[in-house]
Amino acid sequence: MSRSPQSPLPLFPLAVASLPIVGRSETFPVGRILCVGRNYAAHAQEMGASGSEPPFFFMKSTNSLWDIEGAQGRWPYPTGTHDCHHELEIVLAMGPGGNSGDAEVWGLALGLDMTRRDRQAEMKSAGKPWEVGKAFPAAAPTTPITALADLGIAPDPSAVRSALEATELRLMVGSELRQSGSPRQMLCPIPELLCAIRAEFGLQAGDLIFTGTPSGVGPVHPGDGLRGELLTPDGRALIPALRLEVLAAAI
Ligand code: MN
């Protein structure tokens with residue numbers, strides 16, 4: 001049998017995961033979801049660690065990506081847990097680099113590193129990997145991405161660090177303030193974080209980086225309304241807020 005002169009076609013179509021971009025008609029294609037564990041000392045301590053150890057990394061698959069806007073703010077409480085926790089995080093969206101050809105920060109979003117804490121704890125105590133606690137379907141609800149260019153922030157890691165360090169990250173559940181902290185408290189600041197991830201995994205356009213959560217993580221329940229914000233010193237939202245309603249069952 002002779003080979004076709006054309007490129008082989010995939011056996012079946014595979015959808016590309018994506019998020020909306022604020023104020024633009026294009027979508028942002030998502031390849032990998034890289035997460036940083038225990039990057040805020042107070043959260044490391046509430047998880048039983050010292051808060052003086054270097055952060056570490058784990059991943060979720062694109063199956064965990066949940067486009068909050070596309071889902072009209074609704075999020076299904078996951079199966080297989082009785083203790084699902086919120087972790088509000090700043091998300092860096094990596095785009096193609098300029099002259100260097102390397103990936104660079106293209107935009108910012110807010111995301112929730114939702115965690116089946118009971119399942120994670122079982123695996124931790126057994127010395128096994130955490131995926132069942134972290135990488136379940138819809139485990140990474142994320143807002144639309146705001147382009148750095150639209151915020152007047154240069155795609156340089158130190159510029160991103162400076163802009164973020166002037167902000168406060170806050171999560172309300174109903175009328176209760178559950179999480180608050182500033183990227184100033186990151187144990188591994190943005191430039192060092194990008195270097196470490198590049199060294200361990202390489203950095204690619206389409207990567208989302210969940211940069212760690214401040215203290216105050218805790219359970220969510222069906223019916224809860226979550227509101228996450230990244231506020232500048234004058235109380236203005238740097239990027240659009242995250243708003244999520246927890247539903248009882250899968251949509
Ligand atoms: Mn996290």
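1. Metal donors here are N, O and S atoms within 2.8 Å of the metal, and since water is not among the atoms, a site may look incomplete. Keep that in mind for the manganese ion in this predicted model. Its donors are E87 (OE), E89 (OE) and D113 (OD), at 2.0 to 2.1 Å.

2. How are the donor residues of the manganese ion spaced in sequence? The pattern reads E-x1-E-x23-D. E89 and D113 tie together distant parts of the chain, being 24 residues apart. E89 belongs to strand β8 (residues 88–95), while D113 is in the loop between β9 (104–112) and β10 (115–116). If you're checking burial around the site, E89 and D113 are both buried.

3. On to the sheets. One is an open sheet of 5 strands with mixed pairing, and its order is β6-β18-β17-β13-β14. Which strands stand at the edges? They are β6 (74–76) and β14 (176–181); each has a single partner strand, so one side of each has no neighbour in the sheet. Direction ignored, neighbouring strands of this sheet are turned against each other by 25° on average.

4. Now the pairings inside that sheet, starting from β17. Strand β17 (residues 225–231) runs antiparallel to β18 (residues 242–247), and 4 bridges join the two. If you want a register check, G225 sits opposite E245 in β18. With β13 (residues 168–173), strand β17 also pairs in the antiparallel sense, this time over 6 bridges. There, R170 has E229 of β17 as its bridge partner.

5. Next, the other side of β13. Strands β13 and β14 are paired in the antiparallel sense, over 5 bridges. V173 is found opposite E176 in β14. Which residue takes a positive phi in the hairpin of β13 and β14? That's G174, with phi near 60°, in a hairpin that has 2 residues between the strands.

6. There is also an open sheet of 3 strands, ordered β10-β7-β16, with antiparallel pairing. Its edge strands are β10 and β16 (218–219), and each of them pairs on one side only. For β7 (residues 84–86) and β16, the antiparallel pairing covers 2 bridges. H85 has P219 in β16 as its bridge partner. A link back to the metal site, if you're tracing the chain: the loop holding D113 lies between β9 and β10, and β10 is one of the edge strands here.

7. Is D207 buried or exposed? D207 has a relative accessible area of 0%, so it falls under the 20% limit and counts as buried. The residue lies in strand β15 (residues 207–210). For a distance check, take the C-alpha atoms of D207 and T167: they are separated by 23 Å, with the two residues 40 apart along the chain.

8. Last point, on the surface. L11, F12 and L14 make up a nonpolar patch there, and together they have about 430 Å² of accessible area. L14 is in the segment before β1 (18–20). Why does L14 count as exposed? Its relative accessibility is 72%, and the label applies over 50%.

Technical notes:
Residues numbered from 1 in each chain as written. Predicted model: local features only at pLDDT ≥ 70, side-chain atom pairs only at ≥ 80, totals over all residues. Heavy atoms only, no water. Pairing = 2+ DSSP bridges. Axes fitted to C-alpha atoms, helices over the stretch in contact; angles between N-to-C directions. Donors = N, O, S within 2.8 Å, 3.2 Å for Na, K, Ca; no water. Buried < 20%, exposed > 50% of the residue type's maximum accessible area, 1.4 Å probe, protein only. Patch = residues over 30% accessible without salt bridge, like charges linked within 9 Å, V, L, I, M, F, W, Y side chains within 5 Å. Areas by Shrake-Rupley, 256 points an atom, 1.4 Å probe, with all protein chains shown as cover. Salt bridge = Lys/Arg side-chain N within 4 Å of Asp/Glu carboxyl O.
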